[in-house]
Amino acid sequence: MEFPAEIRRAMVAHAAFCLPDEACGLLAADAAGRLRMAYCLSNSTPSPTAFTLDPAEHFRALRHAEAQGWYLAGVFHSHPGGPAFPSATDVAQAYEPEWLYVVVGLQAPAAPEVRAFWIRDGVVAEEAVREVAGEAAEALR
Amino acid sequence: MSVTLRVPSLLRPSLEGRIEIVAEGATVGEVLRSAAAAHPGFGPAVFEASGALRRFLNLFLGDEDVRYLQGLDTPVPDGAVLVILPAAAGGAAPPDGQNGGS
């Protein structure tokens, strides 16, 4: 999957902004499946080891995405002190089989790691991502 | 009242793959129960055994989260759109009741 550089930057910036807590947000894609937007949203259970996407912001992101002809294609969150890999909690609470689950790992803050996964029926499969300069990408907060 | 019910992908298998259906009811709860009566897999997917909405689902009527209205007792106007969203949550901490983590 191609990952627009602006979207990666937005997620990493949001993760840094939210430190020491986990950051979270949603990803939108266009009809061709290209990622177009990172919605940098609020963590309604702010903690260095947990996130809950604010439901009202989730709904507004859905409305915005659909108004552009996009759809919500995934969710991202950060692990402030951990690797860019889904934790057992992430896997247990990954309810959307069609979402891409992106984790921003800030274990090495100077070299943030961004990896993407499909999580279906408790099984984690990494999606190879290739960063591209893109037409995507605004970030909303 | 006839209401359009939109569901996330995790619930679509219980609605024969549909993104949305039309269901009847005067309240949010009645609409969901009516959908459950018409689609046998839908009820267990959205309700706990107690009849409460599953914790990981959020419902919006118009632009409002029904939790901040009257929950399942919220009246629905004819032609309304009821949207179910999955809760998105997780984190590096281990799940409740487990030791260790990522």
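**A tour of two helices and a sheet**

Select helix α1 of chain B, residues 28–38 (helices are DSSP runs of H or I with at least four residues, strands runs of E with at least two, numbered from the N terminus): its buried residues are B:V28, B:G29, B:V31, B:L32, B:R33 and B:A35. A residue is buried if 20 or more other C-beta atoms, placed from the backbone, lie within 10 Å of its own, exposed if 12 or fewer, and partly exposed in between. The model is predicted: local features need pLDDT of at least 70, side-chain atom pairs count only at pLDDT 80 or more, and totals for chains, interfaces and linings use all residues. Residues are numbered from 1 along each chain as its sequence is written, with chains lettered from A and ligands numbered from 1 in the order in which they are written.

Next, display the strands of chain B. Five of them form an open sheet of mixed pairing, ordered β2-β1-β5-β3-β4 (strands pair if DSSP finds at least two bridges between them). At its edges, β2 and β4 of chain B each pair on one side only. Between β3(B) and β4(B) there are 2 bridges in the antiparallel sense; B:L61 has B:E64 of β4(B) as its bridge partner.

Now select α2 of chain A, residues 55–67. Its 13 residues should span 18 Å at 1.5 Å a residue (1.5 Å times one less than the number of residues), and the end C-alpha atoms are 18 Å apart, which agrees. Colour A:P55, A:H58, A:A61, A:L62 and A:A65, the buried residues of α2(A). On the other side of this helix, A:R63 and A:A67 are exposed. Finally, centre on A:G69, just after α2(A), where phi is positive, about 85°.
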